[in-house]
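User: Please take a close look at how the parts of this structure pack against one another. Go from the chain level down to helix pairs.

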Amino acid sequence: MFQRTITNQLTFFQKIKSFDFILLLCIFLIGLISCFSMYSTDGGEISYHTKSHVVRFFVFFLMMLVLSFFNIRFWHSTGYLFYLIVLGFLIWASFYGITASGSQRWINLYFINLQPSELMKVAIIVCFAKYYHRTQVSDVNNFKNLLLPIGILIIPIVLVVSQPDLGTSILIALSGLVVLWLAGLNIKYFVYSSLFFVVSMPFVIAFLKPYQKLRILTFFNPDKDPLGAGYQIIQSKIAIGSGGLTGKGFLKGTQSYLDFLPEKHTDFIFTLFSEEHGFTGSVFLLVLYAIVVFRILRIGSFVRSYFAKLYCYSFAAAIFIYITVNMSMVLGLLPIVGSPLPIMSYGGSSMLATMIGFSIVMSAKIYHKQLIS
Amino acid sequence: MISDGDTSFRKLNTINRRMFIISAAKVVIFTGIIARLFSLQINENKKYLTLSDKNRLREWKLPPERGEFLDFFGNTIAGNLKVYQLHIVPEQVEDFKYLMVRLKDILDLDNSQFAKIIKKKNSQKPWETLVVSENLSWEQFSKVNFYLHELVGAKPVLSVARSYPFKENFTHVLGYVAQASESDLANNEIIKKNHVPGLRVGKIGLEKAFENDLIGSNGVQRYEVNAFGKRINQIDFTAGKKGKNLRLTIDTEVQKLCNELLKDKAGSISVMDIYTGDIIAMHSSPSFDPNLFLYGISHKDWKNIRQDPLKPLINKTVAGLYSPGSTIKPLVALSALENDVISPKFTVRCTGKMEMYGQNYHCWKKKGHGYMNLRNAIKQSCDTYFYEAARKLGVDRLEETSLKFGLGKKVFQDTFIDEKKGLVPSTKWKKDNLGIGWVLGETLITGIGQGYIQTTPLQLCLMTAQLANGGYEIYPRIKAEKNQETAEQIKLKMKQAAVQKKENENETISPVIKARNFFKVGNKDHKVLYRNPENIKFVLEAMWGSTNEVMGTSYGSRIDDKKYQFAGKTGTAQVKRITERQRELELKAIDMPYEDRDHALYVAFGPYKNPRYALSIIVEHGGSGSTTAAPMAKKLFKLIIDRHEEREKIIKQNLPNI
């Protein structure tokens, strides 16, 4: 399967030289920021969360660097396998998963408790990229050719929803849809399916768990029950709003260290950062993320293979979606659904998935001249 | 797969176009998020900063320190006692069960106390202080300290509590304090403002009347708290202000004597300065120890107090209503003289009873007094004479005089919430309230202080004081303050008032001077209550006779020493209608059931030569005024007049802070 081409003969130094250092720098900076934020959530001491986050970040960052040396063709050839393995994990989780706070999301791999739904966010992109790499543009909108991708997308979503984990399943769906869109799927399918979605909404809501329903309802009116379901949104907005232009200062976020802020390690890490570093800090972090997204798009624009191009564009869009969904959520623009902020949030699986995603991008950069048959 | 160039080109074209659309959307969304951040953090920063501070800052109010009560000589009569308390913060306790069992053992708690504490613990948050005991004995306190290393989480605390060192002596005057109730909070803004859980406020008496002065103000601790309300650290502390110390006009020595004299009896004694209106003593019996109420009275004690037939809960001095009996006679005599109904020479023959429309009206002396003039009638308390005098006077004119001298209205306007107005009947009153016309027979019995007329002991004291000072209105006071008017200043004002009255009666004086006199403060301050001062003098002299002459009703209780000599009038108020048969039997008080016995009354003033103090004594069901009440007056005047110089010294020094 591996063809010997010019790109294969790159020397080690050439490979290193062709890393996207700006992208690496931005990822590293965000990683550092996340480590300091984690230190702040622990109340200014290096305890459990900080330690494991720092370790994870550096281990997975190194792993990303190593994986970057893999030829992009490796990802292309193992695209379906990657998807199937993660799908297997998901099925595993639904039978033998570890249950925490009412949701069966994790599987025990002895050295790590893995949340396969996070990996699925990347796997679905790789899988679709491979699928559409071969598909003729005229066949994309062929209904027969659409059935397989729908199946590929629906199965994990159903599995994740039943965990239950609404937030991740939405993100998986969005990741998949982005690839379909970029692959050239006719706009009418999106229109029809969103119409279908709106119509089926009431039925879906009827199947939602009570806490999920409550979350959606409270989004529309958080003040209705300020101590109950609306509490998170209200406290998050207070924390961010009280940060002001320059913030309350590192380790001085009162909302956070006095425990008014819920889930500050994970979904609300941006709230904590924003409270302590204010508008300027938040914009700085946003700009870093924007650069990351832009660098990935830039790589996508000059890679030779369609697989790598589709992957880069899709992954950039997906990362952007993860970031904006999380931020909109903590800013009170979207209902609270569990969605981590890439790199920043505490959580090994999310970090692992993100880093794998980056390593594929980096590999596409190094092997940008690589053609895939 | 570049062989199919066209397809490849179309594919790339599509993906680039769509990527561009997505990128445009990204820019929009990105801008939107920054805009949202801007609006929250820059535009609405103030609002959220306030909300965040509201989240994290909590104020804790500390209980204010209550002002103390001092007697006239500066002795503390209601103070703040240091008490030893035991507090537990359940959150800081490792093993609550073990701790409680140990404490139960050390403090020797019984099961019901133990259960009470557990119940209290369950009703509050784990970081709230649990008060295990509000008042440890020194022994318990030291024992707890000794075992403290085993009692993790227990904190022995020094706190303050109200104490009444003279126990039952001042109960009715001071009242008592207890935990503020819902209605206390609803009715008093100042209590509401300074309220902390467990705050004790005045429930009755002066503790309630002067609540606003006594309460003081909270100290405030500001803490930073976490989301669960737990205090993280103290931000600042403002010390509270202690409530005002209040000094009373009461002399503890006299008050104590009153308590002794009325021991095991139901009744009341009031003593008043006839010029300043200072209450020297004011006691209602039986009394109880107000310290019992501090930590919640025990069931047994409360039952004892509540069910006592002598009604210790009622402040009889201001809330007890009694027929004045013969103590009203000086006032009836004065009224009759003032209205020119009779002259001192007017004579009535007492045969022991008087018949009116077929109804017999008896004199207390069955055989009758024979021929009586006014002075003798007062002295010997001849009922027949006063039936006749009252008949001539009429009840409405008597009402007018009675009201003038302080009957039928509250002595203190709003100091004692339980004070009663009493009742001075009139024809109009009966028509308005009972709907039937006045009967002449009722006038007769009103003339000897029976029937509808009802007075409080304090009113009788005020009446006597206003007679004794020569017939001038005075204003009773119980709070002693610096630069209060002295007796001398008031005497002077009374003299001025008398002069002005004379001037005003003089037809030849110009209306300008009359008007000036009218508006003079002195005139208004101590109103002249008589028409002719000679009438007052006559009545006072007759009262002297009653006490200091043979045949006088209280002759047995006289003091010959001029320094202490006093003048008074006995009274024996019938509680129950006496039937003709009982009258034949001539029952002695001791032979009758307690509730049927007469009330014994006595009003007096002294020293006679230069009067200064007036008193009233009522002993419920005490038999006759001359045998039960008057002897008490003798003991009281001895003490009161002995204490007079001490009192003057304090006044001269303008109430030094002792």
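Analyst: This is a predicted model. Start with the two chains.

Where chain A meets chain B, 56 residues of chain A are in contact with 39 residues of chain B. The two chains bury about 4100 Å² between them. Carbon and sulfur atoms give 72% of that area. On the chain A side, three residues stand out: Val137(A), Leu258(A) and Phe279(A). They supply 15% of the area that chain A buries against chain B, more than any other three residues.

Now look inside chain B. Its domain assignment gives domain 1 as 60-248. Domain 2 of chain B is made of two segments, 252-286 and 316-652. The centres of domain 1 and domain 2 of chain B, taken over C-alpha atoms, are separated by 46 Å. The contact between these domains involves 22 residues of domain 1 and 21 residues of domain 2. About 2000 Å² is buried between the two domains of chain B, and carbon and sulfur atoms give 65% of this area. In domain 1 of chain B, the residues that lose the most area to domain 2 are Phe72(B), Phe73(B) and Asn169(B). Together they account for 33% of what that side buries.

Next, a helix pair within domain 2 of chain B. Helix α14 (residues 329-338) of chain B packs on helix α16 (residues 383-393) of chain B at an angle of about 40°. Their axes are 10 Å apart. The angle makes α14(B) oblique to α16(B). Their crossing is left-handed. From α14(B) come Lys329(B), Val332(B), Ala333(B), Ser335(B) and Ala336(B). They meet Asp383(B), Phe386(B) and Leu393(B) of α16(B). By class, the residues of this contact are 5 nonpolar, 1 polar and 2 charged.

Finally, a helix pair in chain A. Helix α2 (residues 21-41) of chain A packs with helix α16 (residues 348-366) of chain A at an angle of about 170°, with the axes 11 Å apart. Angles over 145 degrees count as roughly antiparallel, so α2(A) is roughly antiparallel to α16(A). The crossing of α2(A) and α16(A) is left-handed. On the α2(A) side, the contact uses Leu23(A), Leu24(A) and Ile27(A). Facing them in α16(A) are Met355(A), Phe358(A), Val361(A) and Met362(A). The contact of α2(A) with α16(A) has 7 nonpolar residues, no polar and no charged.

Key. Residues numbered from 1 in each chain as written. Chains lettered and ligands numbered in written order. Predicted model: local features only at pLDDT ≥ 70, side-chain atom pairs only at ≥ 80, totals over all residues. Heavy atoms only, no water. Axes fitted to C-alpha atoms, helices over the stretch in contact; angles between N-to-C directions. Helix = DSSP H or I, 4+ residues; strand = E, 2+ residues; numbered from the N terminus. Parallel < 35°, antiparallel > 145°, perpendicular 65-115°, else oblique. Left-handed = near helix turned anticlockwise from the far one by under 90°. Contact = heavy atoms within 4.5 Å. Nonpolar A, V, L, I, M, F, W, Y, C, P; charged D, E, K, R; others polar. Domains from an automatic or database assignment. Buried area = accessible area lost by both parts, 1.4 Å probe.
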